[in-house]
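Subject: Structure for your review

Dear colleague,

Please find below the structure that I am handing over to you. I would be grateful if you would keep it open while you read the notes that come after it.

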Amino acid sequence: MHFLEKIQIRPVSPSDNLEQITRLIHLAYAKHAALGLRFWGTHQSISDTAKRFEQGQGFIAQFNEEYIGTITVRPPQPESPLTIYRNPDVWSICQFAVVPEFKGLGLGRALHDAALAHARLNHGQIIAIDTAAPAKGLIAMYHDWGYRYECEHSWQPHTNYMSIVMSRPINPN
C-alpha cells in the first residue's frame, strides 16, 4: 500500500485538538525558526490557530490518529491589505504545515490538492499563497506547482521578512 493511501485528509472538525495542531505547526516551522525566520507558524498561539481556521476551510492530515499536516484555504478577503486577496475570484492558502518526518512524501501536495478542490467547488478561479522571500526552497516548490510571482508584502510585526506573494489558476490549462 502506498504511503498516501494510509493518510486521512479531512476537514477540520470542532472535536479536533487545537493544541496538538498548533504543536504540529510549530514543529513544521522549526527549521525556519532556526534560520531566524519568524513565520506566523513559528509562534502562533492556539487561539491564532482557531482564528486562522475560522477564516476559511481547514484540512487535517492524520496518520494512525496523529496529526501530521494541515492547510487552510480562505475565500476572497475584502478587508485584506493585499489587492490580490481582495479579488472576488481569488482564494488563498495559509497555515500550511507538514511535520518534518513526513515531508518529501507527497503529503504537502495532497493537502494542497484538497485545498484546491474546495476552492474549485466554491467557484474560485485563482489560488494565491505567500511565503518568506528568503525561503527559496518553498518558493521553488510553489513555482514547480504552477505558481507565479505577484508581488511582495510585509506582514510585520507577525513576521520579520518580506513575503513573496504567488498565484496560479485553480484549473490550469
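The notes below go from the whole chain to single residues.

This is a predicted model, in which local features need pLDDT of at least 70 and side-chain atom pairs count only at pLDDT 80 or more, while totals for chains, interfaces and linings use all residues. Residues are numbered from 1 along each chain as its sequence is written, and side-chain values use heavy atoms, with hydrogens and water left out.

Overall form

The protein has six helices and seven strands. Helices (H or I, at least four residues) and strands (E, at least two) are DSSP runs, numbered from the N terminus. Their order from the N terminus is β-α-α-α-β-β-α-β-α-β-α-β-β.

The C-alpha trace spans about 40 × 35 × 30 Å along its principal axes. The radius of gyration is 15 Å, which agrees with the value near 16 Å for a compact globule of 173 residues. This radius is taken over C-alpha atoms, and the globule rule is 2.2 Å times the number of residues to the power 0.38.

Of the 173 residues, 47% are buried. Buried means under 20% relative accessible area, exposed means over 50%, and partly exposed lies in between (1.4 Å probe, protein chains only). Among contacts (heavy atoms within 4.5 Å) with a separation of 6 or more, 64% are between residues 24 or more positions apart.

Strand 7 and its partners

Strand 7 covers residues 162-169, and six of its eight residues are buried. Two strands count as paired if DSSP finds at least two bridges between them. Strand 7 pairs with strand 5 (residues 126-132) in the antiparallel sense over seven bridges. Strand 7 also runs antiparallel to strand 6 (residues 148-154), to which six bridges join it. Methionine 166 in strand 7 shows both pairings: isoleucine 129 stands opposite this methionine, and so does tyrosine 149.

The loop between strand 6 and strand 7 holds proline 157. A cis peptide bond, with omega of about 15°, joins this proline to glutamine 156.

The loop between strand 2 and strand 3

Asparagine 64 lies in the loop between strand 2 (57-63) and strand 3 (66-74), and glutamate 65 has its place there as well. Asparagine 64 has a phi near 50°, a positive value in a residue other than glycine. Glutamate 65 is not a glycine either, yet its phi is positive at about 70°. Are these residues buried or exposed? Asparagine 64 is exposed, with a relative accessible area of 64%, and glutamate 65 is exposed at 67%.

Helix 3 and proline 75

Helix 3 (residues 46-54) has the buried residues Asp48, Thr49, Ala50, Arg52 and Phe53. What do they pack against? Their partners are helix 1 (18-34), helix 2 (40-43), strand 2, strand 3 and strand 4 (90-98).

Proline 75 is placed in the loop between strand 3 and helix 4 (83-86). Its relative accessibility of 28% makes proline 75 partly exposed. Apart from neighbours within four places in sequence, proline 75 is in contact with Gln55, Gly56, Val90 and Trp91. The C-alpha atom of proline 75 is 24 Å from that of alanine 133, which is 58 residues away along the chain.

Yours sincerely,
A colleague
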